[in-house]
Amino acid sequence: NFFPGKKVNLTDTTMYVNKAPVLYMPEYNHNFDDPWMRLPISPGSSKDWGAYVLSAYRYNLNKNLKGLLMLDYRSKLGTAGGVLANYDTEFFGKGDFKVYYTQERQDEATRLPADPKHYQRYFTRLRHKWDINERTNIVGEYYQISDQKNKIKGPGISFLRDYFQREYERDEQPLTYALFHQSYSYSALDVLMQVRNNHWFDQQNKMPELKYT
């Protein structure tokens, strides 16, 4: 059902590739005032992933909490999924939380006898910023990567490079830190705490570092 200029509504809908059903949606509504798709699906093929389908469901619980539920399939690696949540506390800042998990399937042609059939790999990220006033703010990021493949194969393996190429290109070793900043009329004070949360990262612990400029 199309409502010109307003929305489209699908009910009891099945998508086919040739004669094979690949997707079923009992109900789907899209408002044309909303620029983002509620159910984005990205099929394709690559050397590292094989044939793949990346899918997500965009939720909007209220004005302060929205995000994505992700479910992906890669023919060479298996299934993976996760959650992205963007939040706004109104009084204590805003940020986003992301977790992504997979039991990555091993390539039987290259798997050694001592290697597991699947690698448990997951990634957790929390970013937050709180503007207390026009001169004071707190910003922090937390990254935790648990990567069984990295432990077995060595530090040359990167979960971000394998699954989130854009994030890897932006920062291949993201920092875990919390920074307090206070500005004055002619100076500023910064208090930085930084932790090497992922042991194979080449980073320093700062517990804390104080800087007055």
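In this predicted model, 10 strands form an open sheet in the order E4-E5-E6-E7-E8-E9-E10-E11-E12-E13, and the pairing is antiparallel. Strand E4 (41-46) and strand E13 (206-212) are the edge strands of this sheet, each of them pairing on one side only. On average, and with direction ignored, neighbouring strands here are turned by 10° against each other.

Within the same sheet, strand E8 and strand E9 run antiparallel and are joined by 12 bridges, and tyrosine 101 stands opposite tyrosine 122 in E9.

An open sheet of 3 strands, ordered E1-E2-E3, is also paired in antiparallel fashion. Strand E1 (2-3) and strand E3 (20-31) stand at its edges with a single partner strand each, so one side of each is left without a neighbour in the sheet. Strand E1 is joined to strand E2 by 2 bridges, and the bridge partner of phenylalanine 3 is lysine 7 in E2.

The two strand pairs with bridge counts are set out below.

| Strand pair | Bridges | Direction |
|---|---|---|
| E1 and E2 (residues 7-17) | 2 bridges | antiparallel |
| E8 (residues 94-105) and E9 (residues 118-131) | 12 bridges | antiparallel |

Proline 174 lies in the loop between helix H3 (165-170) and strand E11 (176-183). Is this loop residue buried or exposed? Proline 174 has a relative accessible area of 4%, which is under the 20% cut-off, and therefore counts as buried. Apart from its neighbours within four places in sequence, proline 174 is in contact with Tyr143, Leu160, Phe201 and Gln203. The C-alpha atom of proline 174 is separated by 8.6 Å from that of glutamate 141, a residue 33 residues apart from proline 174 along the chain.

Definitions and conventions. Residues are numbered from 1 along each chain as its sequence is written. This is a predicted model: local features need pLDDT of at least 70, side-chain atom pairs count only at pLDDT 80 or more; totals for chains, interfaces and linings use all residues. Side-chain values use heavy atoms; hydrogens and water are left out. Two strands pair if DSSP finds at least two bridges between them. Helices (H or I, at least four residues) and strands (E, at least two) are DSSP runs, numbered from the N terminus. Buried means under 20% relative accessible area, exposed over 50%, partly exposed in between (1.4 Å probe, protein chains only). Contact means heavy atoms within 4.5 Å. Axes are lines fitted to C-alpha atoms, for helices over the stretch in contact, and angles run from 0 to 180 degrees between N-to-C directions.
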